[in-house]
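I opened this one cold, with no notes from anyone else. Here is what I looked up, in the order I got to it.

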Amino acid sequence: MSAIRYLLDEHVNPRLQKALRRQSPETVVWCVGDPVAPSLHSLDPEILIWCEVHGFSLVTNNRASMPVHLRDHLAAGRHVPGIFILNPA
């Protein structure tokens, strides 16, 4: 079984990445804007496609538009390994 890989949306506090890496150093946790991840200001549909292609679960706090984009993504016959929508802090 392959390990879960996480992509943190650019508005998720970067302390979450540090905490996850500290708790589980073998876990892959990238942030939008990292050199290996989608660039900053990528559109939500582009991020969902990137997650699908690369096998990453998305972690976001975007409760406004991400659910709409996810619905459209799935309706188009696409998929994502997972999506976690965080509660506002």
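My entries start with the whole chain and then move to single helices and residues.

**Entry 1: the overall fold**

First thing to keep in mind: this is a predicted model. I went through the secondary structure and found 3 helices and 4 strands. Reading along the sequence, I get the pattern β-α-β-α-β-α-β.

Next I checked the dimensions. The C-alpha atoms fill a box of roughly 35 × 35 × 25 Å along the principal axes. The radius of gyration is 13 Å, and a compact globule of 89 residues would have one near 12 Å, so the two agree.

**Entry 2: inside and outside**

How much of the protein counts as buried? I get 35% of the 89 residues. The exposed surface comes to about 5,700 Å², and carbon and sulfur atoms supply 58% of that.

I also looked at contacts between residues with a separation of 6 or more: 55% of these join residues 24 or more positions apart. For the charges, I have 8 positive and 8 negative, and their mean positions are 8 Å apart.

**Entry 3: helix α2**

I spent a while on helix α2, which covers residues 44-54. Its buried residues are D44, I47, L48, W50, C51 and E52. What do they pack against? I noted β1 (5-8), β2 (28-31), β3 (57-60), α3 (66-75) and β4 (83-85).

I had a closer look at E52, which sits in helix α2. Is E52 buried or exposed? Its relative accessibility is 16%, and buried means under 20%, so E52 counts as buried. Leaving aside neighbours within four places in sequence, E52 is in contact with H73, R78, H79 and P81.

Just after α2, I found G55 with a positive phi of about 75 degrees.

**Entry 4: the nonpolar cores**

A general reminder to myself: in soluble globular proteins, nonpolar side chains tend to be buried together. Here the largest nonpolar core has 12 residues: L7, V32, A37, I47, L48, W50, C51, F56, L58, M66, L70 and V80. Helices α2 and α3 each supply at least two residues of this core. Which element gives the largest share? That is α2, with 4 residues.

Apart from this core lies another one, of 6 residues, among them Y6, V29, C31 and V59.

I then picked out V80, a member of the largest core. Not counting residues up to four places away in sequence, V80 touches L48, L70 and H73.

**Entry 5: L8 and L16**

L8 lies in strand β1. Its relative accessible area is 0%, so I put it down as buried. Leaving aside neighbours within four places in sequence, L8 is in contact with L16, Q17, V29, W30, C31, V32 and V59. I also checked L8 against A37: they are 29 residues apart in sequence, and their C-alpha atoms are 9.6 Å apart in space.

One of those contacts, L16, took me to helix α1, residues 15-23. L16 has 29% relative accessibility, so it counts as partly exposed. Beyond four places in sequence, L16 touches L8, V59 and L86. From L16 to V59 I get 43 residues along the sequence and 10.0 Å between C-alpha atoms.

**Entry 6: two histidines**

I looked at H41 on account of its backbone: its phi is positive, about 70 degrees, although H41 is not a glycine. Where does H41 lie? I found it in the loop between β2 and α2. With a relative accessible area of 67%, H41 is exposed.

H69 is found in helix α3. Its relative accessible area is 26%, which means it is partly exposed. Outside its neighbours within four places in sequence, H69 is in contact with D44, P45 and L48. D44 and L48 are both on my list of buried residues in α2. I also noted L43, 26 residues from H69 along the chain, with 9.8 Å between their C-alpha atoms.

Conventions
Residues numbered from 1 in each chain as written. Predicted model: local features only at pLDDT ≥ 70, side-chain atom pairs only at ≥ 80, totals over all residues. Heavy atoms only, no water. Buried < 20%, exposed > 50% of the residue type's maximum accessible area, 1.4 Å probe, protein only. Contact = heavy atoms within 4.5 Å. Core = buried A, V, L, I, M, F, W, Y, C linked by side-chain atoms within 4.5 Å. Rg over C-alpha atoms; globule rule 2.2 N^0.38 Å. Areas by Shrake-Rupley, 256 points an atom, 1.4 Å probe, with all protein chains shown as cover. Lys, Arg positive; Asp, Glu negative; His and termini not counted. Charge placed at Lys NZ, Arg CZ, Asp CG, Glu CD.
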